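Let's take a walk through a protein model and look at what links its parts together. Keep the 3D view open while you read, and find each residue as it comes up.

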Amino acid sequence: MQLLRAAVSHGGRQQTSAALLGRMLGSQLRGFAAATEQQDVVIIGGGPGGYVAAIKAGQLGLKTTCVEGRGALGGTCLNVGCIPSKALLNSSHKFVDAKEHMKHFGVLVDNPRVDWAAMQKQKDDAVSGLTKGIEGLLKKNKVGYVKGWGKIVGPNKVEVALSAGGSQTIDTKNIIIATGSEVTPLPGLTIDEEKVVSSTGALKLKKIPKSMIVIGAGYIGLEMGSVYARLGTQVTVVEFLDKIVPTMDSEVRRTFLRVLEKQGLKFKMTTKVTKGEVKGDGVVLTTEPSKGGDATSMEAETVLVSIGRRPYLTGLGLEEAGIKTERGRVVIDDHFRTNVPSVYAIGDVVHGPMLAHKAEEDGVATAEIIAGKKGHVNYATVPSICYTHPEVASVGITEDEAKAKGIKVKTGKFSFMANSRARAVDDADGVVKMIACAETDKLLGAHIMGPSAGEMIHECVLAMEYGASTEDLARTCHGHPTLSEAVKEAALATAFGKPIHM
């Protein structure tokens with residue numbers, strides 16, 4: 001109330017409290033005004049799951065407020081994950097093109113150099129533009145936006161510790177937990193985001209390091225390792241298991257590993273990092289074989305810890321609210337509802353793959369359910385993509401999983417070396433592989449390693465969503481010459497035993 005009185009009398013002019021508060025609190029006003037009446041739904045978290053749920057709820061006519069403490073919408077993905085990493089992957093790929101590849105196309109570039117500051121600025125500009133765009137979308141769909149950290153203080157109440165100071169309690173009929181995930185720490189190694197970094201710190205290093213050790217050979221580690229390897233860093237990837245990206249089809253994985261090694265990345269498999277410390281201008285790690293053995297040491301200028309992510313549930317008040325969790329994740333039913341009927345949870349905090357697009361689908365479905373409609377997500381058709389070059393994209397089961405489950409399958413493959421478009425642009429590393437039911441020919445899985453694999457996989461996603469067979473794909477006319485013809489050829493190989501062009 002003191003703030004309100006001060007606002008009304010500010011500058012000796014009689015003005016509406018809303019107008020003055022708007023100037024004093026900026027964009028936080030929308031959230032303040034929107035939450036003075038009971039809401040139909042409050043979403044805690046403004047990442048891909050949260051803001052998409054908020055927009056969909058607004059489109060469905062629900063009174064909606066989104067609470068986000070970061071100060072910028074988009075969550076980890078947009079601010080310090082998917083988007084900035086793809087910007088650096090693109091920029092570093094352009095540098096390699098200029099340095100090594102353009103001469104093959106008759107384009108001569110003398111002594112190309114990296115302007116790290118400009119590369120960082122392009123990344124930051126992309127992030128800034130997109131976050132502001134999301135704010136605009138919330139406003140367009142009449143969604144309130146409160147900047148602060150939300151806590152559930154009752155089945156129909158959210159208390160927000162406002163970023164600008166003070167607190168606010170919002171009454172609501174429903175609550176959606178969409179707080180995403182955080183980096184999983186590695187015992188014995190302290191992340192300082194300077195020498196020992198998470199993916200967040202790796203995006204904004206002050207300079208390009210001469211050497212880097214990446215702990216963890218998953219999607220994030222391989223993407224960021226690729227960025228710096230392209231820019232001249234000596235990159236060594238240390239992996240506890242005997243394989244990179246264990247969820248990837250083993251045949252595709254082996255080909256992928258060979259390509260990465262050809263690009264200069266080094267791999268030390270079945271190795272456990274037990275501790276590490278910053279010494280001088282670098283970091284010294286102590287390692288040992290995963291199954292036990294003599295300790296050895298490794299040293300690099302920078303170490304990237306990339307061993308996975310874990311749900312972020314800190315400060316939400318789940319225990320006090322009686323909301324059940326299991327193994328660090330919120331327990332939900334088939335309709336995203338927790339054991340407290342008015343509270344839902346989506347995205348990284350619940351079961352399923354920790355992927356931004358999966359969280360978005362969760363958000364849409366949950367908003368539809370709250371609005372009294374049918375909402376559903378088919379997790380069997382959620383694609384996974386590694387944005388290295390070549391990209392690796394997959395959907396459905398692998399051949400290994402089929403064998404483990406006793407499913408009789410048939411497979412078909414097609415190499416990009418036999419694809420005319422890939423050969424024409426001299427970018428032909430990779431393969432398309434399909435897995436189908438041996439009896440019905442129903443497509444069960446598709447795995448693509450190659451240029452633009454992350455775009456091509458969606459044809460297979462759509463096919464699987466509608467229960468298509470590989471013959472359906474094989475008989476679908478594809479434009480020529482296109483990379484997507486490799487999908488058709490792999491489908492021909494699966495359905496009829498032979499492709500046309502191989």
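Before we start, one bit of vocabulary: a residue is called buried if its relative accessible area is under 20%, exposed if that value is over 50%, and partly exposed in between. Also keep in mind that what you see is a predicted model.

**Salt bridges**

How many salt bridges does a search of the whole structure find? The search turns up 19. Here are three of them, each with its N to O distance.

| Salt bridge | N to O distance |
|---|---|
| Asp125 and Lys121 | 2.7 Å |
| Lys433 and Asp249 | 3.1 Å |
| Arg337 and Asp333 | 3.9 Å |

Start with Asp125 and Lys121. Both sit in helix H7, which covers residues 116–140. They are 4 residues apart there, so about one helical turn separates them. Asp125 has 41% relative accessibility, which means it counts as partly exposed.

Now jump to Lys433 and Asp249, whose side chains meet in a salt bridge. Lys433 belongs to strand E22 (residues 431–437), while Asp249 is in the loop between strand E9 (234–238) and helix H10 (250–262). The two are 184 residues apart in sequence, so this pair ties together parts that you would not find side by side in the written chain. Are these two residues buried or exposed? Both Lys433 and Asp249 are buried.

The third pair joins Arg337 and Asp333 through their side chains. Arg337 is partly exposed, at 26% relative accessibility. Asp333 is partly exposed too, with a relative accessible area of 32%. Salt bridges can also share partners: Asp249, Glu251, Glu399, Lys403, Lys413 and Lys433 are joined into one network that way. You've already met Lys433 and Asp249 from that group.

**Two helices that cross**

Next, find helix H6 (residues 82–101) and helix H9 (residues 219–230). Two packed helices are described by the angle between their axes and the distance between the axes. For H6 and H9, the axes come within 9 Å and cross at roughly 35°. The crossing of H6 past H9 is left-handed.

Which residues of H6 and H9 meet? From H6 come Ser85, Lys86, Leu88, Leu89, Ser92, His93, Phe95 and Val96, and on the H9 side they meet Glu223, Met224, Ser226, Val227 and Arg230. Sorted by type, the residues of this contact are 6 nonpolar, 4 polar and 3 charged.

**Cysteines, paired and unpaired**

Searching the whole structure for disulfides gives 1. The disulfide joins Cys77 to Cys82, with 2.5 Å from S to S. The angle about the S-S bond is -130°, and the link of Cys77 and Cys82 is left-handed. Its two ends can be described one by one: Cys77 is buried, with a relative accessible area of 15%, whereas Cys82 counts as partly exposed at 28% relative accessibility.

Why does Cys66 not bond with Cys77? The closest cysteine sulfur to that of Cys66 is in Cys77, but 15 Å lies between the two sulfurs, and that is too far for a bond. Cys66 is buried, at 0% relative accessibility.

Cys477 is in no disulfide either. The nearest cysteine sulfur is that of Cys460, and it is 16 Å away. Cys477 counts as exposed, with 75% relative accessibility.

Terms used: Residues are numbered from 1 along each chain as its sequence is written. This is a predicted model: local features need pLDDT of at least 70, side-chain atom pairs count only at pLDDT 80 or more; totals for chains, interfaces and linings use all residues. Side-chain values use heavy atoms; hydrogens and water are left out. A salt bridge is a side-chain nitrogen of Lys or Arg within 4 Å of a carboxyl oxygen of Asp or Glu. Buried means under 20% relative accessible area, exposed over 50%, partly exposed in between (1.4 Å probe, protein chains only). Axes are lines fitted to C-alpha atoms, for helices over the stretch in contact, and angles run from 0 to 180 degrees between N-to-C directions. A crossing is left-handed if the near helix is turned anticlockwise from the far one by less than a right angle, and right-handed if clockwise. Contact means heavy atoms within 4.5 Å. Ala, Val, Leu, Ile, Met, Phe, Trp, Tyr, Cys and Pro count as nonpolar, Asp, Glu, Lys and Arg as charged, and the others, Gly among them, as polar. A disulfide is a pair of cysteine sulfur atoms within 2.5 Å.
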